Amino acid sequence: MTAVTPAPPSTAVRPAPAGPVPPGRPAGRSRLRTLAGFAFGAALLFAVAPLVLSDFRLALLAKYLCVAMVAVGIGIAWGRGGMLTLGQGVFFGLGGYAMAMHLKLADAGPGGMPDFMQLYGQLDELPLWWRPFASPWFALPATVLLPMAVAFGLGSLVFRRRVRGAYFAILSQALAAAMVILLIGQQGTTGGTNGLTDIKGFFGYDLDDPVNQRMVYFIIAGTLLALLALTRQLIHSRYGELLVAVRDGEERVRFLGYDPASVKLVAYVVAAGMAGLAGALFVPAVGIISPALIGIVPSIEFVIGVAVGGRATLLGPVLGAVAVAWARTALSERFPGTWTYLQGLLFVVVVAFLPGGLASLWALARRRDVAAQPQRRGRLSLGRRRAERTEVPAA
Amino acid sequence: MSGERLDGLSVRDVRVSFDGFTAVDGVSLEVPAGDIRFLIGPNGAGKTTLVDAITGLVRATGSVRFGDEELLGRPVHRISRLGIGRTFQTSTVFEELSVLQNLDIAAGARRSWATLARRRRGVPDEIAAALETIGLAARAADLAGTLAHGQKQWLEIGMLLVQDARLLLLDEPVAGMSHEERDATGTLLELVSRDRTVVVIEHDMEFLRRFARSVTVLHAGRVLSEGTVAQVQADPRVQEVYLGHPVDAGSARTGQEA
Ligand SMILES: Nc1ncnc2c1ncn2[C@@H]1O[C@H](COP(=O)(O)OP(=O)(O)OP(=O)(O)O)[C@@H](O)[C@H]1O
Ligand SMILES: [Mg+2]
């Protein structure tokens with residue numbers, strides 16, 4: 001060791017890294033690729049899909065894209081933040097019900113009551129908590145803010161107490177169950193098992209008109225693209241890096257002076273907001289919101305799509321969610337009853353054999369390419385090293 | 001480097017017990033500002049547990065002061081923000097993030113949410129300096145998971161530097177390192193101790209002889225001996241613990257591994 005410059009390690013001690021050090025992807029090129037990707041996605045959603053799909057199929061796609069929005073949020077919370085949230089249906093439902101309540105009130109006209117309330121008949125006036133939803137200025141922000149507020153409340157309680165892993169998953173799922181029970185129990189004001197159905201208008205547009213259905217589809221497609229852009233920004237921000245650090249070493253992050261609870265809370269709240277927005281847009285696309293659409297089963301289905309696509313990537317959750325939702329429709333049309341089992345099998349297979357989802361196949365192929373170039377061999381040790389990772393002792 | 005004041009660490013009568021078992025049994029020690037204190041002792045002596053207590057990972061009684069601040073009773077991240085940084089017996093770098101990202105996160109605990117929401121542009125000065133200091137400038141863009149074992153340890157130390165830690169608590173930093181890597185690490189410790197206080201838990205006696213300025217020996221949760229390397233090595237109680245029987249000071253030889 002030279003005594004002159006104590007600046008030590010690699011140059012003095014180790015042989016220099018095997019190849020030229022990859023300078024990291026030039027920012028300009030990566031931005032260009034992203035823009036190209038977004039342009040491609042926009043062309044697909046806005047030009048190709050409406051041209052080649054029938055009105056019926058386009059409406060189905062609109063529904064899938066709503067599921068994809070939930071998936072994008074799960075990608076952030078679970079893929080990037082390590083919080084396996086099995087209860088996104090709650091936030092989807094809050095957004096959906098908030099929107100549906102407003103649309104029902106709008107359908108009923110000023111001073112009117114939604115049809116189902118008259119049907120069940122014990123009420124002679126609108127319940128107090130329904131009233132603010134008559135105003136779009138309240139209802140629209142509420143579709144996003146309400147789920148975010150609930151996520152904030154729950155997350156503040158849970159993350160600070162270091163509830164995580166399977167415990168967090170079970171807790172989030174229990175919340176979904178509780179919400180369904182609550183909705184069904186309050187049939188007179190929530191529509192019970194049927195939910196809020198028969199929604200006819202959307203801010204003055206008749207939803208039975210295919211032209212307007214198409215407009216709803218475009219709104220949904222545009223929203224999904226906007227959420228993807230937002231997510232990309234979040235992933236590449238300093239916060240996004242920090243979130244991954246919390247996922248992989250929560251205790252370590254604590255020792256760097258951060259409070260991991262608040263880092264996780266932000267991701268969880270953002271994911272809830274996205275699910276709420278998805279629920280809100282689902283309502284005009286499908287015309288109904290009901291407990292069956294937001295309970296435990298749909299909550300798990302949201303997650304399966306994300307797992308299949310690749311939870312830690314930007315596009316994986318979207319593609320996985322659409323693929324699984326599409327497969328569900330296709331298969332349950334032909335073989336009713338088998339889908340549930342198939343879906344469970346799919347989930348097990350992915351989790352056991354392909355934890356990175358289909359996106360990891362893509363990454364693997366790219367790594368093969370890299371391996372073909374001898375000067376970058378050094379990076380191949382990645383997989384082995386990762387397996388050796390050890391955890392900081394928990395408190 | 002940071003131009004901040006140097007502080008010493010003062011541990012008084014610290015006790016840690018796990019379900020009735022007392023792992024740290026009334027330890028008191030003073031580490032003066034700028035010292036490189038080695039903490040040695042047989043396996044299970046309570047060295048790691050003492051550091052856990054100082055950094056808030058386990059509950060302890062007694063008092064731990066760094067400068068004017070009492071540390072006991074504060075949560076982990078608050079203690080960290082007072083300038084106390086630590087490493088762990090096993091490497092804990094964020095393997096799926098690059099070396100640069102690891103350092104950037106370590107440097108950022110005081111960042112506002114507005115800063116966090118934006119991207120990092122370029123390499124902040126203090127991080128560039130740390131990359132040079134730990135000799136990983138050429139690997140900045142690589143995933144930390146691809147680093148060699150020794151380099152990971154240096155990255156951990158680099159993270160403490162950018163974190164602005166003024167007290168470094170290192171748990172077996174040279175375990176598993178080659179001879180050259182140990183020397184490089186020792187030199188690095190001497191460099192960073194110019195404006196920091198350093199506490200090193202270590203089993204490697206040769207490393208200790210070369211780089212320790214002072215030594216505390218723990219045994220069964222208590223301080224057994226304290227002083228310079230020579231004083232500690234000459235202490236018959238230390239020899240007894242390490243070798244099982246007292247040896248006269250002239251022929252005192254401690255093995256490679258304690
Ligand atoms: N969380 C815990 N619960 C129960 N006992 C513990 C816990 N942590 C440590 N101990 C016990 O406390 C004692 C001191 O452990 P500690 O890890 O501090 O030893 P050490 O001096 O760091 O040893 P080593 O050189 O092997 O790292 C040991 O007997 C250990 O088994
Ligand atoms: Mg130890």
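How many nonpolar, polar and charged residues make up the shell around ligand 1? In this predicted model, the shell has four nonpolar, seven polar and two charged residues. The legends below describe this shell, the ion site and the chain as a whole.

**Figure 1. Residues and elements of chain B around ligand 1.** The view shows the 13 residues around ligand 1, of which B:Asn43, B:Lys47, B:Thr48, B:Thr49 and B:His203 come nearest. Two elements of chain B, strand β2 (21–31) and helix α1 (47–54), each supply at least two residues of this shell. With three residues, α1(B) gives the most. Divided by class, the shell contains seven polar residues, four nonpolar residues and two charged residues.

**Figure 2. Polar side-chain contacts to the oxygen atoms of ligand 1 from B:Asn43, B:Lys47 and B:Gln89.** An N or O atom in the side chain of B:Asn43 is 2.8 Å from an oxygen atom of ligand 1. For B:Lys47, the separation between an N or O atom of the side chain and a ligand 1 oxygen atom is 2.8 Å. The side chain of B:Gln89 places a polar atom 2.9 Å from an oxygen atom of ligand 1. On its own, ligand 1 has 630 Å² of accessible area, and the protein covers 62% of it.

**Figure 3. Coordination of the magnesium ion (ligand 2) by B:Thr48 and B:Gln89.** The ion is coordinated by OG1 of B:Thr48 and OE1 of B:Gln89, at 1.9 to 2.5 Å. These two residues link distant parts of the chain, being 41 residues apart. B:Thr48 belongs to helix α1 of chain B, whereas B:Gln89 lies in the loop between β6 (84–86) and α3 (99–106) of chain B. B:Thr48 has a relative accessible area of 25%; because buried means under 20% and exposed means over 50%, B:Thr48 counts as partly exposed. B:Gln89, at 41% relative accessibility, is likewise partly exposed.

**Figure 4. Chain B, the setting of the close-up views, with 10 helices and 10 strands.** The secondary structure of chain B comes to 10 helices and 10 strands. Its radius of gyration is 19 Å, close to the 18 Å that the globule rule gives for 258 residues, so chain B is as compact as a globular protein of that length. The C-alpha trace of chain B spans about 60 × 40 × 35 Å along its principal axes. Buried residues account for 59% of the 258 residues of chain B.

Methods
Residues numbered from 1 in each chain as written. Chains lettered and ligands numbered in written order. Predicted model: local features only at pLDDT ≥ 70, side-chain atom pairs only at ≥ 80, totals over all residues. Heavy atoms only, no water. Near = heavy atom within 4 Å. Polar contact = N/O pair within 3.5 Å; in protein donor to acceptor, adjacent residues only side chain to side chain. Areas by Shrake-Rupley, 256 points an atom, 1.4 Å probe, with all protein chains shown as cover. Helix = DSSP H or I, 4+ residues; strand = E, 2+ residues; numbered from the N terminus. Nonpolar A, V, L, I, M, F, W, Y, C, P; charged D, E, K, R; others polar. Donors = N, O, S within 2.8 Å, 3.2 Å for Na, K, Ca; no water. Buried < 20%, exposed > 50% of the residue type's maximum accessible area, 1.4 Å probe, protein only. Rg over C-alpha atoms; globule rule 2.2 N^0.38 Å.
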